[in-house]
Structures are given as structure tokens and as C-alpha cells.
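This briefing goes through one protein chain, moving from its overall fold to its strand pairing, its aromatic contacts and its backbone conformation. Please keep the structure open alongside the text.

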Amino acid sequence: MKKLYCLGLALLACISVCYAQEPVSHAKRAYLSVQGGYALNVYENAFSYRDNHRGIELLTPQGGLSIGYDFSDSFGLRLAGAFGKDAGACNVRETSGGGFYPYSFRHFNAFLDGVINLNGLAGKITYFRPKVYFGLGGAYTSHFTDAKHPWQKVVGKNIVPGFRLGFIAEYTFNSGFGVFVDICGEAYTDMYNGLMPSKEDQKRYEGYGGFPLDLRGIVTPGIIIHF
């Protein structure tokens with residue numbers, strides 16, 4: 001009991017010391033971050049997972065690594081890469097009986113992000129740093145499993161361009177160590193998931209062709225170190 005009490009006092013002392021100090025700028029410093037979490041896959045026929053009570057399978061794991069540089073307290077650039085698993089499904093609208101044809105695949109993506117620190121933009125140096133970013137890049141998708149569809153084939157390897165928009169809630173100590181949560185929406189050209197419905201499909205079958213981009217929503221907590 002005494003050990004727990006002493007540990008609690010030590011923790012409170014550390015927190016008090018941190019808050020007694022003024023937050024410092026990390027401008028003109030590089031950083032490295034590691035993150036991991038889950039992505040929501042929104043491609044053609046994603047609704048078929050929900051229709052078959054397997055919607056949870058649209059959430060797939062992802063991990064990533066970023067290297068960045070803050071040119072000022074308000075603006076920086078980062079090069080970010082991520083890898084993980086994805087879930088897709090083949091055509092159900094033009095298939096007799098409307099069967100369920102799921103498949104999985106893997107991705108590796110890379111983006112160059114422009115990052116804006118909103119507090120820095122307002123002239124404030126704070127421990128908590130809300131950031132927004134916009135990135136351009138692309139992805140390589142491979143290792144597709146067989147969907148066992150009667151006639152539609154999934155293209156096995158693809159390199160596609162993409163863009164993304166995101167928000168980072170970061171809390172960084174004066175030492176340069178911090179934690180964050182990254183919330184991101186990514187969009188890729190239609191071959192990301194190995195399928196590209198024709199224009200005729202999109203005209204004739206409502207809901208099948210859908211939006212002409214493959215979308216992903218991602219939430220990844222992580223840690224960051226400013227050098």
C-alpha cells in the first residue's frame with residue numbers, strides 16, 4: 001500500500017513539474033512517429049457485408065510510420081507510409097441470386113502531407129496541438145484472395161494514385177515526446193480494390209457502380225518524437 005501511495009505522489013509530482021513549465025516551440029525540428037489502428041473500407045458492394053451481418057469485417061488493421069519536419073510553429077511536411085489489410089466484395093447486383101462474394105487484400109501506401117498546426121497558426125505555443133493536413137500519394141495493393149465470383153475477376157496487383165485529408169490531436173511534452181490520434185479520410189482511383197465498374201454498370205445498376213473512388217476512413221493512435 002505504501003508503494004502505491006509513493007508511486008501516486010511521484011506521478012503527481014511529475015505532472016506538477018510539467019505544468020509548471022511553459023511549453024516550448026518545436027519549430028525547425030524533425031520528428032518520427034509510429035501509429036496503428038483500424039480502417040473502414042468503403043468500396044463497391046461494401047453494403048453486402050452489412051446485408052450479410054458481417055459489417056465488422058469492413059474494419060481492418062493498419063500500421064504506419066512517418067518522418068516529418070516543422071518549418072515553423074504553424075507549418076510542416078511529413079512523408080508517411082502505411083500497410084495493412086483490406087476487405088472488398090465482388091458484384092452482387094448483376095449476379096443471379098445476389099450472392100455474397102467477399103475477398104481480402106493487402107496494401108502499402110505512401111503520402112506527402114502538408115501539416116498545419118492550428119494553435120501555431122494563431123500564434124500560440126501549447127502542449128496540445130490540433131493539426132489538419134492534406135496529402136497526395138498513392139498505394140500498391142496485392143495478395144488478393146479468391147472471391148469465388150461466377151464471372152467477375154479481381155485484378156491482382158495495382159498501383160493507384162490517391163489523396164487524403166486528416167486531423168491530428170497531438171499532445172507533446174517539452175522533451176519532444178508526445179502522443180496523438182490521427183483521423184483520416186483517404187480516396188483512391190477505382191482500381192485500388194481490384195475492381196473498376198464500367199460506365200454502363202454505373203448507369204444501369206444503381207448502387208453498384210457507386211462513387212468513382214475507393215474510400216477509406218482511418219483512426220490510428222500513435223507516439224511521436226521530435227528531435
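Both Tyr-49 and Phe-100 are buried, and this pair of residues is taken up again below, under the aromatic contacts. The model is a predicted one, and the values that follow are computed from its atoms.

**Overall fold**

- The chain contains four helices and eight strands, and their order along the sequence follows the pattern α-β-α-β-β-β-α-β-β-β-α-β.
- Of the 227 residues of the chain, 43% count as buried, while the chain exposes about 12300 Å², of which carbon and sulfur atoms supply 69%.
- When contacts between residues at least 6 apart in sequence are considered, 73% of them join residues that are at least 24 apart.

**The barrel and its strand pairs**

- The eight strands form a closed barrel that runs E1-E2-E3-E4-E5-E6-E7-E8 with antiparallel pairing, and the twist from one strand to the next averages 25°.
- Strands of a sheet pair through backbone hydrogen bonds, in either a parallel or an antiparallel sense.
- Strand E1 (residues 29-42) pairs with strand E2 (residues 59-70) in the antiparallel sense over twelve bridges, and Leu-32 stands opposite Ile-67 in E2.
- Strand E6 (residues 158-172) and strand E7 (residues 177-189) are likewise antiparallel, with eleven bridges between them, and the partner of Leu-165 in E7 is Gly-185.
- The hairpin of E6 and E7 has four residues between the strands, and in this hairpin Gly-176 takes a positive phi near 105°.
- E7 also pairs with strand E8 (residues 213-226), in the antiparallel sense and over 13 bridges, and here Val-181 has Pro-221 in E8 as its bridge partner.

**Aromatic contacts**

- The count of aromatic pairs comes to 13, and one of them is the edge-to-face pair of Tyr-49 and Phe-100, with 5.1 Å from centre to centre and 85° between the planes.
- Tyr-49 lies in helix H2 (residues 47-51) and Phe-100 in the loop between strand E3 (75-89) and strand E4 (102-117), so this pair ties together parts that are 51 residues apart in sequence.
- Ring pairs also link Tyr-43, Tyr-103, Phe-105, Phe-111, Phe-144, Tyr-188 and Tyr-192 into a cluster.

**Charges over rings**

- The charged end of Arg-78 sits over the ring of Tyr-133, at 4.5 Å from the centre of that ring.
- Lys-131 lies over the face of Tyr-31, and in this case the distance to the ring centre is 5.8 Å.

**Positive phi outside glycine**

- Most residues other than glycine have a negative phi, which is the background for the two cases that follow.
- Lys-28, which is not a glycine, has a positive phi of about 60°; Lys-28 is placed in the loop between helix H1 (2-20) and E1, and Lys-28 is exposed, with a relative accessible area of 61%.
- His-143 also has a positive phi, near 55°, in a residue other than glycine; His-143 is placed in the loop between strand E5 (128-142) and E6, and His-143 is exposed, with a relative accessible area of 53%.

Definitions and conventions:
Residues numbered from 1 in each chain as written. Predicted model: local features only at pLDDT ≥ 70, side-chain atom pairs only at ≥ 80, totals over all residues. Heavy atoms only, no water. Helix = DSSP H or I, 4+ residues; strand = E, 2+ residues; numbered from the N terminus. Buried < 20%, exposed > 50% of the residue type's maximum accessible area, 1.4 Å probe, protein only. Contact = heavy atoms within 4.5 Å. Areas by Shrake-Rupley, 256 points an atom, 1.4 Å probe, with all protein chains shown as cover. Phe/Tyr/Trp six-rings, centres within 6.5 Å; stacked < 30°, edge-to-face > 60°. Lys NZ or Arg CZ within 6 Å of the ring centre and 35° of its normal. Pairing = 2+ DSSP bridges. Axes fitted to C-alpha atoms, helices over the stretch in contact; angles between N-to-C directions.
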